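Student: I have a model open and would like to work through its strands and helices with you. Shall we take it step by step?

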Amino acid sequence: MINVQNISKSYKDVQAVRNISLEVQKGELFGLIGPDGAGKTTLMRILMTLLIQDEGKATMNGLDVIKDYKKIRNIVGYMPGRFSLYQDLTVEENLNFFPTVFKTTVAENYELIKDIYIQIEPFKNRLAGKLSGGMKQKLALSCALIHKPEILILDEPTTGVDAVSRREFWDMLKKLQHKGITILVSTPYMDEAMLCNRVALMQKGKVLDIDTPQKLVENYTRKLYAIKSIDMHRLIQDLRSFEKTDSAFAFGQYLHVTGKSDEVEATEFENFLLKKEHQNLEVFDIPPTIEDVFMNMMNE
Ligand SMILES: Nc1ncnc2c1ncn2[C@@H]1O[C@H](COP(=O)(O)OP(=O)(O)OP(=O)(O)O)[C@@H](O)[C@H]1O
């Protein structure tokens, strides 16, 4: 449904996207996962025909992003990261405006957005600028869906949104996927990667790997430890100065730590940290999460 072949794009001397290739199947929920500056927005803007690539070719349902840009805009719904709504219009006015661009009406496509719109209907006379993050996001999604797109492109839709709204939002995406819509979504949140069918892990304009999140976690075979002590700040500094440590990252209440080789045992970390007089020390093995996979790839 979405085909990206060797796409590159630079802004003057910043190479934002470097030779990216990927394919999203019809009906798939595909995630672009990566930190700020990974190139997610740039790739999405190219697919949305809002930016022209320097090199490579991309098609959406067989339509070329450069030659067929007008047709593509009719089959794709886009929720940009910021400023997709008219802040000075009410919820209802925003929703009525977007279908006019596509020469359709809310009534004609109401079925698709009904579940989402019901949640914001009580606020229909409120200015979009005065909505909470979660409500804005639901309105923006309704607006992106109002012309019944075949493909939905969502740029960091849950950034700055509370945890409950984030979960609700992903439930809505799953429902849309079941209605046959192909979804490309970007996020900096690793836990959201697990909700996608497949993901591309991105960093500095490059794709590090593409697979199902389950496979990516399965393929991680390194030994991993969770370590905690009273002074977490000193703990991370000490661990990073230890010659047997490969990586140490803060992860919730613990540090996730790998050794230079898998021969490095938990007791070696423990003994080193006891010598450094760390108190209430905990060191134990843990299974990896997708975040560990990503950290490991970024480290390589
Ligand atoms: N208009 C622009 N002019 C110059 N550099 C840009 C421009 N837009 C993006 N960049 C740079 O290109 C790189 C990729 O940015 P991009 O916005 O595509 O990444 P991203 O993964 O979407 O991150 P973010 O969440 O910050 O948007 C970054 O280094 C960014 O600073």
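Student: How many bridges join β11 to strand β14?

Tutor: Happy to help, and keep in mind that this is a predicted model. β14 covers residues 282-285 and runs antiparallel to β11. One pairing to look for is I227 with its bridge partner V283 in β14. The number of bridges joining β11 to β14 is 4.

Student: Which residue in β13 stands opposite Y225?

Tutor: Strand β11 (residues 225-228) also pairs with strand β13 (residues 254-259), in the antiparallel sense over 3 bridges. Within β13, the residue opposite Y225 is V257.

Student: Why are the buried residues A266, F269, F272 and L273 on the same side of α10?

Tutor: These four are buried in helix α10, residues 266-275. In general, an α-helix has 3.6 residues a turn, so residues three or four places apart point the same way. What covers the buried residues of α10 includes β11, α9, β12, β13 and β14. The four lie on the same side because they cover an arc around the axis of only 135 degrees.

Student: Which strands stand at the edges of the open sheet of 6 strands?

Tutor: The order in this sheet is β6-β7-β8-β3-β9-β10, with mixed pairing. An edge strand here has a single partner, so one side of it is left without a neighbour in the sheet. The strands that fit are β6 (76-79) and β10 (206-211).

Student: Which residue of β8 is opposite F30?

Tutor: β3 (residues 29-33) and β8 (residues 182-187) pair in the parallel sense, over 5 bridges. Opposite F30, in β8, is L184.

Terms used. Residues are numbered from 1 along each chain as its sequence is written. This is a predicted model: local features need pLDDT of at least 70, side-chain atom pairs count only at pLDDT 80 or more; totals for chains, interfaces and linings use all residues. Side-chain values use heavy atoms; hydrogens and water are left out. Two strands pair if DSSP finds at least two bridges between them. Helices (H or I, at least four residues) and strands (E, at least two) are DSSP runs, numbered from the N terminus. Buried means under 20% relative accessible area, exposed over 50%, partly exposed in between (1.4 Å probe, protein chains only). The arc is that of the directions from the helix axis to the C-beta atoms. Contact means heavy atoms within 4.5 Å.
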